[in-house]
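Colleague: I have a bit of time now, so could we go through this one together? I'll ask as things catch my eye.

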Amino acid sequence: MTAKTEYQQLCQHFRTISHFEHFSALGDWDQATMMPMGGSEARSEAMAELALHIHSLKTSPRLAEWLDGAEAKAAELSIEQRANLREMRWHYAQAIAVPGDLVQAKTLAGYRCENQWREQRHNNDWQGFRPNLEAVIALVREEAQARSAHTGKAGYDAMLDRFEPGMTCKRLESTLGAVRDWLPELIQKVKHKQLHQSYKSSAGDYPIADQKLLGREVMQYLGFDFNQGRLDVSSHPFCGGVPGDIRLTSRYTEDDFIAALTSTIHETGHARYEQALPKDWRGQPAGMSRSMGIHESQSLFFEMQLGGSRAFISKLYPRIRRHLDCPVSAHELIDNITRVKPGLIRVDADEVTYPAHILLRFEAEQAFIDGSLEVKDLPDFWDQKMQQYLGLSTAGNYKDGCMQDIHWTLGELGYFPSYTLGAMYAAQLRFAMEAELGPIEALLSQDKLGQICDWLDEKIWSKGCLLETDELIRSATGQSLDPNFLQRHLQQRYLD
């Protein structure tokens, strides 16, 4: 049997896996948007069974034989095929590190926890939520131990690797530690500067139906293909589905349109990335998104680098006025969107205070994994860290504190650092892009949004997983990740 034949066997097998993952993604979307609450238990059991089946495909004994054989004759493969083979090996290694019964148990507990969380969070019901989260965290700890035993990595490093391959806690401590050093002073400087600025509230009466129409128009302006995706409503905004079948959601309140608009822009960044992944590699690991840090860089490039720019907001303003009775001028809207004000909710945070929310979660996740933090102590931990980083208290306010995120309900510990890594990547990409194309404000003012997206497509979207993360960033920007670009961006926008 030649390497080509073994490689072809692998391609067919991973294509089959991708088909099952497609329907798993649709099950997630349906649960968040359409499923009646009474269907939660049956759905949890079905999704757990599906997860077990996908895991069995990813750990098939044939894979080890095919991988070994194809790797032994990798010289017969093209550069792109070798990249695909590398990613196949990574997915196989991730899967065999965890036993199937643990995958099924964690999936079942996660779906049960998430389903009940939706109502429990609304009711600020910590006592009802706590035992569900305890069950999930116990299984996450088992998973971390299993991954650590298999890979030789520390527990949290092994969990990080699922979302940001190659990232370690030590490197994150260095990267996020630098942010921890300069962020408090930056927040205070920006607050002091903005203290003397006047703001006109944008609060009003904004029918949700009109906000949805505005969101769709903005998505079209950003290049979203509605022939390959749709927009719905969920309690927590997300971008799901698969390339070619994207399911994007937002959430709305009638007294404020900015939060829904910015979350829609954020999720559209995710969606544009997914829709532009290399079509020739769909169904293969090389055709997938590179990492969650890179994924978040695209959503945050849209939300922050584009969405926070004066030129972009000016371009949106006529669209906003067409759909909504907005009481503020374009200039006043820009001031509102770029206002820095510490708040309790991560997804509504401005880009200056946002890293503080991630630092809190990063510290909590490490403590959960090493056993120094128990679920019962999470509310006090959260309140202490919110006071330390943002001067705010969440005592007794669980729904806007430790119950606000969906990630931990599903056991996705290790994901949160991707957000600040994404902000760093986004800032670095912006400066690299400007070095080639000119200032982003000028490009947007001149209706050259298409050039910006073409640049992102060339440098990031079209690459999928053909390059590893560091190689991808070096190829796009000329250097490895440098967190100083985020500081430079924030100082430039808010202090210069």
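Colleague: Where does glutamate 436 lie?

Modeller: Glutamate 436 lies in helix H16, and please keep in mind throughout that this is a predicted model.

Colleague: Buried or exposed, or something in between, for glutamate 436?

Modeller: Glutamate 436 has a relative accessible area of 47% and is therefore partly exposed, since the partly exposed class runs from the buried limit of 20% up to the exposed limit of 50%.

Colleague: And what is glutamate 436 in contact with, leaving aside its neighbours within four places in sequence?

Modeller: With those neighbours left aside, glutamate 436 is in contact with Trp455 and Lys459. For tryptophan 455, the C-alpha to C-alpha distance from glutamate 436 is 9.4 Å, with their positions 19 residues apart in sequence.

Colleague: Staying with that helix, which helix is leucine 429 found in, and over which residues does the helix run?

Modeller: Leucine 429 is found in helix H16, which covers residues 417–437, and glutamate 436 lies in helix H16 as well.

Colleague: Why does leucine 429 count as buried?

Modeller: Leucine 429 counts as buried because its relative accessibility is 0%, and the buried class takes in anything under 20%.

Colleague: Which residues is leucine 429 in contact with, again leaving aside neighbours within four places in sequence?

Modeller: Leucine 429 is in contact with Ser297, Gln298 and Phe301, and also with Trp455, Ile460, Ala476 and Thr477. Trp455 is also in contact with glutamate 436.

Colleague: How far apart in space are leucine 429 and alanine 83?

Modeller: Leucine 429 and alanine 83 are 23 Å apart, C-alpha to C-alpha, and in sequence they are 346 residues apart.

Colleague: Let me change topic to charges. How many salt bridges does the structure hold?

Modeller: The structure holds 33 salt bridges. Among them is the one in which the side chains of lysine 376 and aspartate 377 meet, at 3.2 Å from N to O. Salt bridges that share partners also join Lys106, Glu143, Arg147 and Arg162 into one network.

Colleague: What about lysine 376 itself, buried or exposed or in between?

Modeller: Lysine 376 counts as partly exposed because its relative accessibility is 45%, and aspartate 377, at 32%, counts as partly exposed too.

Colleague: Back to that network, then: where do arginine 147 and glutamate 143 lie?

Modeller: Arginine 147 and glutamate 143 both lie in helix H6, residues 126–151, with their positions four residues apart, or about one turn of the helix. Their side chains meet in a salt bridge with an N to O distance of 2.9 Å. Arginine 147 counts as buried because its relative accessibility is 9%, and glutamate 143 is buried with a relative accessible area of 3%.

Colleague: And how does arginine 162 come into it, with glutamate 143?

Modeller: The side chains of glutamate 143 and arginine 162 also meet in a salt bridge, here at 3.7 Å from N to O. This pair links distant parts of the chain, with glutamate 143 in helix H6 and arginine 162 in helix H7 (residues 155–163), 19 residues apart. Arginine 162 is partly exposed, with a relative accessible area of 26%.

Colleague: Which residues form a negative surface patch?

Modeller: A negative surface patch is formed by Asp205, Glu254, Asp255 and Asp325. Aspartate 205, one of these, is found in the loop between helix H8 (169–195) and helix H9 (208–221), and aspartate 205 counts as exposed because its relative accessibility is 58%.

Colleague: Helix H8 caught my eye as well; what does glutamine 194 touch, not counting residues up to four places away in sequence?

Modeller: Glutamine 194, which lies in helix H8, touches Tyr199, Thr338, Arg339, Val340 and Tyr494. Glutamine 194 is buried, with a relative accessible area of 9%, and its C-alpha is 9.5 Å from that of leucine 495, although the two are 301 residues apart in sequence.

Colleague: Last topic, backbone angles: what is phi of asparagine 124 near?

Modeller: Phi of asparagine 124 is near 55 degrees, a positive value in a residue other than glycine, and asparagine 124 is found in the loop between helix H5 (100–122) and H6. Phi of aspartate 447 is also positive, near 60 degrees, and aspartate 447 lies in the loop between helix H17 (440–445) and helix H18 (449–459). Asparagine 124 is partly exposed at a relative accessible area of 25%, whereas aspartate 447 counts as exposed at 55% relative accessibility.

Definitions and conventions. Residues are numbered from 1 along each chain as its sequence is written. This is a predicted model: local features need pLDDT of at least 70, side-chain atom pairs count only at pLDDT 80 or more; totals for chains, interfaces and linings use all residues. Side-chain values use heavy atoms; hydrogens and water are left out. Patches are made of residues with over 30% relative accessible area and no salt bridge: like charges are joined within 9 Å, nonpolar side chains (Val, Leu, Ile, Met, Phe, Trp, Tyr) within 5 Å. Accessible areas come from the Shrake-Rupley method with a 1.4 Å probe; for residues, only the protein chains shown count as cover. A salt bridge is a side-chain nitrogen of Lys or Arg within 4 Å of a carboxyl oxygen of Asp or Glu. Lys and Arg count as positive and Asp and Glu as negative; His and the chain ends are not counted. The place of a charge is taken as NZ of Lys, CZ of Arg, CG of Asp or CD of Glu. Helices (H or I, at least four residues) and strands (E, at least two) are DSSP runs, numbered from the N terminus. Buried means under 20% relative accessible area, exposed over 50%, partly exposed in between (1.4 Å probe, protein chains only). Contact means heavy atoms within 4.5 Å.
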